[in-house]
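Subject: Structure handover

Hello,

Here is the structure for you to look over. My notes follow below it.

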Amino acid sequence: MVRLKNLKRNNDLVECDLYIEDSNDPQHFVINVETKAIVEFSAPKDYEHCENHVAHAKRKIIELASQSELPSEYAVMWY
């Protein structure tokens, strides 16, 4: 699970605070929704193995960006 908080869009860039499962440290996460590229992100200490979490967050942000308005927060869960 990842939590996306403070989602904001500025043209093709969507940024948010990304909380990886069990971490209380937010990471600044920026996606270019046009190119689908991660512009900014660094995993918190001891969470470097969480590429799957980042991939789910990226995919959901791109999906949310196609809506007329972004929610301010969103939880992404999978199994």
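K60 sits in helix α1, which spans residues 51–65. Please keep in mind that this is a predicted model. K60 is buried, with a relative accessible area of 15%. Beyond its sequence neighbours up to four places away, K60 touches Y74 and V76. K60 and Y74 are 14 residues apart in sequence. In space their C-alpha atoms are 9.1 Å apart.

K60 also has a charged partner. K60 forms a salt bridge with E63, and their closest N and O atoms are 2.9 Å apart. Both residues belong to helix α1. They are three residues apart, about one turn of the helix. The two ends of this pair can be set side by side: K60 is buried at 15%, while E63 is partly exposed, with a relative accessible area of 43%.

How many salt bridges does the structure hold? It holds two. One joins D46 to K45, with the closest N and O atoms 3.7 Å apart. D46 is exposed, at 54% relative accessible area. K45 counts as exposed too, at 66%. As background, side chains of opposite charge can pair when their charged atoms come close.

H53 is another residue of helix α1 to look at. Is H53 buried or exposed? H53 counts as buried, at 15% relative accessibility. Setting aside residues up to four places away in sequence, H53 touches M1, V2, I20, E21 and W78.

Now the sheet. Five strands form an open sheet, in the order β4-β3-β2-β1-β5, and the pairing is antiparallel. Which strands are at the edges? They are β4 (37–40) and β5 (73–76), and each pairs on one side only. On average, neighbouring strands of this sheet are turned by 35° against each other, direction ignored.

Here are the pairings, strand by strand.

- β1 and β2 pair antiparallel over seven bridges. V2 has I20 in β2 as its bridge partner. The hairpin of these two strands has two residues between them, and N11 takes a positive phi near 60° there.
- β2 and β3 pair antiparallel over six bridges. C16 stands opposite F29 in β3. Their hairpin has six residues between the strands, and D22 takes a positive phi near 70°.
- β3 (residues 27–32) and β4 run antiparallel and are joined by three bridges. N32 has A37 in β4 as its bridge partner.

One general point for viewing the strands: in a regular strand the side chains alternate between the two faces of the sheet.

Next, the nonpolar core. The largest one has 19 residues. Which of its residues touch the most other members? They are L4, L7, L18, F29, V33 and I61. β1 (2–10), β2 (13–20), β3 and α1 each supply at least two residues of this core. Helix α1 gives the most, with six residues.

L18 is a good place to start when you open the core in a viewer. Leaving aside neighbours within four places in sequence, L18 contacts V2, R3 and L4, among others. The list of L18 contacts also includes D25, P26, Q27 and F29. F41 and A57 are in contact with L18 as well.

Last, the cysteines. The structure holds zero disulfides. Why is C16 not in one? The closest cysteine sulfur, in C50, is 15 Å from the sulfur of C16, so the two are too far apart for a bond. The cut-off used for a disulfide is 2.5 Å between the sulfur atoms. Looked at from the other end, C50 is in no disulfide, and its nearest cysteine sulfur is that of C16. C16 is buried, with a relative accessible area of 2%. C50 counts as buried as well, at 5%.

To go through this in the viewer, I would take four stops.

1. K60 and E63, the salt bridge pair in helix α1.
2. The edge strands, β4 and β5.
3. L18, one of the core residues that touch the most other members.
4. C16 and C50, whose sulfurs are 15 Å apart.

Best wishes

How values were computed
Residues numbered from 1 in each chain as written. Predicted model: local features only at pLDDT ≥ 70, side-chain atom pairs only at ≥ 80, totals over all residues. Heavy atoms only, no water. Helix = DSSP H or I, 4+ residues; strand = E, 2+ residues; numbered from the N terminus. Buried < 20%, exposed > 50% of the residue type's maximum accessible area, 1.4 Å probe, protein only. Contact = heavy atoms within 4.5 Å. Pairing = 2+ DSSP bridges. Axes fitted to C-alpha atoms, helices over the stretch in contact; angles between N-to-C directions. Salt bridge = Lys/Arg side-chain N within 4 Å of Asp/Glu carboxyl O. Core = buried A, V, L, I, M, F, W, Y, C linked by side-chain atoms within 4.5 Å.
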